Amino acid sequence: MVMVVEDGESSPSSRLLAADAAAEAHHHHHDSSKLNLSSTLSLEVIGASLIVTDGRRSKKQARESCVSALCGTSAPATLEIRLYNLLFAEVLEGKLAITYAEHTSKTAVRPVTREYPVGEAVDRVVLKGWVEKVMVKAYSDAIPKQRIKVLLNPHGGRGTANKLWQAECEPLFRAARCTFDVESTTHHKHAIEIAEHLDIAKYDTVACVSGDGLPHEVFNGLGRRSDAATALRKIAVCQLPGGSGNGMCWSLTGTDSASLASLAYIKGRRTPIDLASVTSGEQRILSVLSQSYGIIAESDLGTDHLRWMGGQRFTWGILSRIFSKTAYPCDLALKVEIEDKAEIREYVRRGGDGGDDLRDASISISTEAPGDGGGGLPKLKHGTVNDELPVGWELIPYRTLGNFWAGNMTRMSADAIFFPAALPCEGQQDLVTVDANTPRATALKMMIACETGSHFDLNCLTYRKVSAYRLIPHSRKGGGYISIDGEPLEFGPFQVESHRGLGTTLSKDGRFTGMLV
Ligand code: ADP
Ligand code: MG
């Protein structure tokens with residue numbers, strides 16, 4: 001089929017192109033994944049990639065091929081852009097601009113824009129439709145042009161949040177046409193105030209360039225509002241690696257590269273995530289990552305003077321305490337949901353108990369009754385730490401406890417995987433206890449195994465899934481540190497209960513990275 005091109009000026013190539021386009025429209029009426037911009041330039045979505053086939057020759061190439069004319073025409077250059085890396089596509093002044101995140105190394109990306117001239121004969125309606133279709137494919141589960149509140153913690157980690165944001169994150173968010181405003185926190189708990197008074201209609205996401213402390217504060221700020229449940233569902237809270245422990249970033253994106261994590265959030269899937277209420281004294285605090293007492297709490301909170309070490313300060317803290325074999329006596333009452341490691345493994349392999357629909361943020365989760373007048377948080381099913389011990393709970397003395405750690409996420413810092421069986425939305429936490437009398441060599445072996453998550457099967461670790469618990473510490477020895485998401489809790493009894501999918505975050509595919517299976 002040959003189309004007559006009315007335009008007398010049109011070149012043979014554009015006439016060919018028009019014929020191509022017509023043939024395309026005729027034969028593949030429903031498949032417009034290939035776009036011909038000229039006879040030598042086309043773009044096509046194949047599988048998970050956008051392939052640019054560029055047969056245009058530069059003057060230099062043309063000259064060279066003249067010399068070696070016998071070699072025939074050179075093969076067209078192809079460029080493969082993964083749809084995951086594709087940030088934006090648009091038509092501007094007769095050019096198709098494709099912006100994508102290009103790898104500069106294995107652990108970094110930067111935005112690059114390539115412009116392709118659009119021939120006169122290209123049907124503008126077809127072109128517009130193609131661009132829209134490619135954008136939909138590039139953003140499948142994600143919200144394009146996210147509206148982001150960016151919080152920088154100048155005190156996080158080695159204090160590089162601002163630099164990190166400007167050099168590695170901002171260019172990508174800008175290239176993806178996200179809109180954002182940036183605010184640095186000026187004091188401890190500042191992010192609580194910001195989240196409490198945030199105009200939630202204006203934003204999709206709060207991105208914290210910080211350690212785990214700022215996301216913790218943001219969830220708590222949202223939790224203080226009278227519309228807490230709505231705010232916690234509306235606003236996705238995520239962490240860009242600007243701290244010592246970037247556990248949340250590792251768990252959700254599998255990296256602590258600021259640029260790769262930015263890309264992961266630009267393309268992130270809105271994911272409901274469990275939050276746990278911690279009651280202590282008269283307070284109710286939300287925990288997103290973990291609660292710890294013993295070695296880990298002390299290594300986290302008792303090493304602030306070692307901030308210059310970055311993430312290494314945790315390792316140093318843990319090692320020095322393993323060698324001292326310090327015990328942290330306490331009483332513990334657990335509401336156990338899954339007792340046994342084999343059963344936990346089976347449960348994770350099944351994908352938890354709820355199936356994937358529960359992990360889809362587009363389906364609202366309303367397993368929790370709304371609060372009873374005291375703000376917008378769900379009512380506590382088991383009361384507070386000041387109430388009688390709930391019926392059926394039994395306090396068990398742990399006289400030689402070495403470490404207690406309960407967590408909502410897979411990873412704690414750097415690439416230390418502590419809870420390889422954690423799922424984002426399950427209404428329970430993974431809980432580990434280690435006895436202080438564990439032989440030093442075994443404890444060291446355990447630490448090394450944590451790098452790959454293979455410690456799960458070690459006998460020195462007791463591993464359970466619990467939906468609630470109460471811990472009553474007996475001694476302030478070692479400083480009496482209790483850590484909630486890396487923030488200190490006042491020494492004393494505390495009680496914890498999980499809320500299924502109460503918060504929202506962004507993840508790569510609705511799961512954590514670093515899982516068992
Ligand atoms: P890290 O991973 O190094 O612990 P975090 O982001 O977790 O970093 O933050 C640690 C603490 O810094 C949090 O308690 C937070 O409230 C506090 N903070 C935030 N902004 C400031 C500031 N401007 N000055 C001092 N502390 C701050
Ligand atoms: Mg912290």
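**Briefing: a protein chain and its ligand**

The accessible surface of the protein chain adds up to about 23300 Å², and carbon and sulfur atoms own 52% of it. Keep in mind that this is a predicted model. The chain has 517 residues, 55% of which count as buried. It is built from 13 helices and 24 strands. Take the contacts between residues at least 6 apart in sequence: 74% of them join residues at least 24 apart.

**Around ligand 1**

- There are 22 residues around ligand 1, and the ones that come nearest are Gly-157, Gly-211, Gly-213, Glu-217 and Glu-487.
- Sorted by class, that shell holds 14 polar, six charged and two nonpolar residues.
- Helix α6, running over residues 213-223, gives the most to the shell, with three residues.
- On the side-chain front, Glu-217 has an N or O atom 2.4 Å from an oxygen atom of ligand 1.
- The side chain of His-188 also puts an N or O atom 2.8 Å from an oxygen atom of ligand 1.
- Thr-186 uses its backbone instead: an N or O atom there sits 3.3 Å from a nitrogen atom of the ligand.
- Taken on its own, ligand 1 has 570 Å² of accessible area, and the protein covers 85% of that.

**Helix α6 and Leu-214**

- Helix α6 is mostly covered, with eleven of its eleven residues buried.
- Those buried residues include Gly-213, Leu-214, His-216, Glu-217 and Phe-219.
- Leu-214 belongs to this helix, and its relative accessible area is 4%, so it is buried, the cut-off being under 20%.
- Setting aside residues up to four places away in sequence, Leu-214 touches Leu-151, Leu-152, Asn-153, Thr-185, Ala-191 and Cys-208.
- Leu-214 and Gln-239 are 25 residues apart in sequence, with their C-alpha atoms 8.0 Å apart in space.

**The nonpolar core**

- As a rule, nonpolar side chains in soluble globular proteins tend to be buried together.
- The largest nonpolar core here has 134 residues, and Ile-98 and Tyr-469 have the most contacts inside it.
- Helix α4 (residues 161-175) supplies the largest share of this core, namely seven residues.
- Leaving out its neighbours within four places in sequence, Ile-98 is in contact with ten residues' worth of company that includes Leu-43, Leu-50, Ile-81, Phe-88 and Val-112.
- Thr-113, Arg-114 and Tyr-116 are also among the contacts of Ile-98.

**Helix α9**

- Helix α9 (residues 258-266) is largely enclosed by the rest of the structure, because nine of its nine residues are buried.
- Among them are Ala-258, Ser-259, Leu-263, Tyr-265 and Ile-266.

**Asn-408, a buried loop residue**

- Asn-408 sits in the loop between β17 (401-407) and β18 (411-413).
- Its relative accessibility is 3%, so Asn-408 counts as buried.
- A polar atom of the Asn-408 side chain lies 3.0 Å from the backbone oxygen of Val-288.
- The backbone oxygen of Ser-287 is also in reach, 3.4 Å from a polar atom of that side chain.
- Beyond its neighbours within four places in sequence, Asn-408 is in contact with Ser-287 and Val-288, and its other contacts include Asp-274, Ala-276, Leu-289, Gln-428 and Phe-512.

Methods
Residues are numbered from 1 along each chain as its sequence is written. Chains are lettered from A and ligands numbered from 1 in the order in which they are written. This is a predicted model: local features need pLDDT of at least 70, side-chain atom pairs count only at pLDDT 80 or more; totals for chains, interfaces and linings use all residues. Side-chain values use heavy atoms; hydrogens and water are left out. Helices (H or I, at least four residues) and strands (E, at least two) are DSSP runs, numbered from the N terminus. Buried means under 20% relative accessible area, exposed over 50%, partly exposed in between (1.4 Å probe, protein chains only). Contact means heavy atoms within 4.5 Å. Accessible areas come from the Shrake-Rupley method with a 1.4 Å probe; for residues, only the protein chains shown count as cover. A residue is near a molecule or strand if one of its heavy atoms lies within 4 Å of it. A polar contact is a pair of N or O atoms within 3.5 Å; within protein, one must be able to donate a hydrogen and the other to accept it, and residues adjacent in sequence count only if both atoms are side-chain atoms. Ala, Val, Leu, Ile, Met, Phe, Trp, Tyr, Cys and Pro count as nonpolar, Asp, Glu, Lys and Arg as charged, and the others, Gly among them, as polar. A nonpolar core is a set of buried Ala, Val, Leu, Ile, Met, Phe, Trp, Tyr and Cys residues joined through side-chain atoms within 4.5 Å.
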